[in-house]
Amino acid sequence: MSSLDNIAFLLGGLTASGGTIGYLRTGSVPSVAAGVTVGLLYGLGGYRIQNREPYGVELALLASIVLAGSSIPRAIRLRKPVPIVLSIIATYGLYTFGMAFRKAL
C-alpha cells in the first residue's frame, strides 16, 4: 500500500500548489480555497494510508470526486489547459483510489 500513500501525497501537493499559483496569478480566492482543501483531503488520505488507519483510501477517493466534479465540467465547457490538467489528475485519482477501494470490499 505504500505506493498509494505516495500517490495521495503527490496529488495533494499538485492540487494545493496549483490552487496557490492560481491565487498568485489571478487573485482568485476560490482557486486557493479549493486547491488547498482538495490537497488537504489527499494529504490526510495519504497520511491515513501510510499509517494503516481506516478511511485513508476513502478520503483520497473523496478528494478525487470533488476535484472531478468541479474540473471536468469546466474542462468540457472552456477547453483551457488548467481545467483539462485538473480533470486528468482527478481521473487518475478516481481510477487509482477507486480500484483500491474496490479491492478492499
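1. In this predicted model, Arg79 lies in the loop that joins α3 to α4 (81-104). Its phi is positive, at about 55°, although Arg79 is not a glycine. The relative accessible area of Arg79 is 68%, and the residue is therefore classed as exposed, the cut-off being over 50%.

2. A second loop residue deserves a comparable remark. Tyr55 is placed between α2 (29-50) and α3 (56-78), and its phi is near 70°, again a positive value in a residue other than glycine. Tyr55 counts as exposed because its relative accessibility is 56%, where exposed means over 50%.

3. Arg52, just after α2, also takes a positive phi, of about 55°. As background to these backbone values, most residues other than glycine have a negative phi.

4. Helix α2 itself comprises 22 residues. From its first C-alpha to its last it reaches 31 Å, close to the 32 Å expected at 1.5 Å a residue.

5. Which residues of α2 are buried? They are Gly35, Val38, Gly39, Leu41, Tyr42, Gly45, Gly46 and Ile49. Viewed down the axis of α2, these buried residues fall within an arc of 150°, so they line one face of the helix. On the other side of α2, Val29 and Leu40 are exposed.

6. For checking the backbone, the residues to inspect are Tyr55, with phi near 70°, Arg79, with phi of about 55°, and Arg52, with phi of about 55°.

How values were computed:
Residues numbered from 1 in each chain as written. Predicted model: local features only at pLDDT ≥ 70, side-chain atom pairs only at ≥ 80, totals over all residues. Heavy atoms only, no water. Helix = DSSP H or I, 4+ residues; strand = E, 2+ residues; numbered from the N terminus. Buried < 20%, exposed > 50% of the residue type's maximum accessible area, 1.4 Å probe, protein only. Expected span 1.5 Å × (residues − 1). Arc of directions from axis to C-beta.
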